[in-house]
Structure formats: structure tokens, C-alpha cells
Amino acid sequence: QVQLVESGGGLAQAGGSLRLSCAASGRAITVYFMGWFRQAPGKEREFVASINWGGKGTYYADSVKGRFTISRDNAENTVDLQMNSLKPEDTAVYYCATGLGNNLATVTSWGRGTQVTVSS
């Protein structure tokens, strides 16, 4: 079992930036894809970005491509999400996850989430 704890959420203005970080503990994470999902009020949880175990393969939802960058440090057991050019529609609770598949089709562990609010 992997435990995931997110940090770095908060309030930003449209056009601004935030950086989310996720710290993993427990089982080794190197065998997993890691990534981020988000859930806005009244909407289903959706895939945002993922990165493979080696850190060379990254995958993004079309809505964030070119604005968000995912990275991981297996030595530190962390995965980060740099969010630039934020839009009000990026407002959501962001969840860190481990799993399998490019878009984390199978999630094996979830974090508790961190709120991101983007004001217009």
C-alpha cells in the first residue's frame, strides 16, 4: 500500500501559476505510473496528467496540455505538477494517484486531495 499526501494548493489569479507536490510513502513507487486527477464541484473526477516510472513518458489531458508539466523524483518519492497560465476552469480539488496505464486507467492509491481555486 502506498500513502500519498498532496501539498501546494491554494488561490491563484487567472494567468498565474501554482505548483502541486505529492509525497509518497510505503511501498516503492518506481513500479507505478504516478499522476494527478481533479474534481470540480458537480463534476466527475477527471484525469489531468501522468508520468511513467522512468520519468521519460508524460501524458496530459487536452485541457491542460501546454500549460501543466508533470515531473517525478523517484529518489525522493515525489511527483510534482507545475501549473501555469491557470484558468478559472482549472478550479478543482486535485488528487495525486499511483496506478497503471498512460492515463492511470487503473488507480492503485489515492491521496486526499488539495484545493486549487483560480479567480478571474
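What follows is a chat between a student and a tutor about one predicted model.

Student: So what's the strand order in the open sheet of four strands?

Tutor: In this predicted model, the order is E1-E3-E8-E7, and the pairing is antiparallel. Strand E1 (2–7) and strand E7 (68–73) stand at the edges with a single partner strand each, so one side of each has no neighbour in the sheet. From one strand to the next, the twist averages 15°.

Student: And what holds strands of a sheet together as pairs?

Tutor: Strands of a sheet pair through backbone hydrogen bonds, and the pairing can be either parallel or antiparallel.

Student: Okay, how many bridges do E7 and E8 have?

Tutor: E7 and E8 pair over six bridges in the antiparallel sense, and in that pairing Asp-73 stands opposite Thr-78 of E8. The hairpin they form has four residues between the strands, and in this hairpin Asn-77 takes a positive phi near 55°.

Student: What about E3 and E8?

Tutor: Strand E3, residues 18–26, also pairs with E8 in the antiparallel sense, over six bridges, and here Arg-19 is the residue that stands opposite Gln-82 in E8.

Student: Which residues of E7 are on the covered face, and which on the uncovered one?

Tutor: Phe-68, Ile-70 and Arg-72 make up the covered face of E7, while Thr-69, Ser-71 and Asp-73 make up the uncovered one. Side chains in a regular strand alternate between the two faces of the sheet.

Student: Switching topic, what does Asn-52 touch?

Tutor: Leaving aside residues up to four places away in sequence, Asn-52 touches Tyr-32, Phe-33, Gly-57 and Arg-72. Asn-52 lies in the loop between strand E5 (46–51) and strand E6 (58–60), and the side chain of Asn-52 also reaches the backbone nitrogen of Lys-56 at 3.1 Å.

Student: Is Asn-52 buried or exposed, and why?

Tutor: Asn-52 has a relative accessible area of 17%, and because buried means under 20%, Asn-52 counts as buried.

Student: Last thing, what's the phi of Ser-85?

Tutor: Ser-85 has a positive phi of about 50°, although Ser-85 is not a glycine. Ser-85 is found in the loop between strand E8 (78–83) and strand E9 (92–100), where Ser-85 is partly exposed at a relative accessible area of 42%.

Student: And where is Leu-104?

Tutor: Leu-104 sits in the loop between E9 and strand E10 (106–110). Leu-104, not a glycine either, has a positive phi of about 50°, but Leu-104 counts as buried, at 2% relative accessibility.

Notes
Residues numbered from 1 in each chain as written. Predicted model: local features only at pLDDT ≥ 70, side-chain atom pairs only at ≥ 80, totals over all residues. Heavy atoms only, no water. Helix = DSSP H or I, 4+ residues; strand = E, 2+ residues; numbered from the N terminus. Buried < 20%, exposed > 50% of the residue type's maximum accessible area, 1.4 Å probe, protein only. Pairing = 2+ DSSP bridges. Axes fitted to C-alpha atoms, helices over the stretch in contact; angles between N-to-C directions. Polar contact = N/O pair within 3.5 Å; in protein donor to acceptor, adjacent residues only side chain to side chain. Contact = heavy atoms within 4.5 Å.
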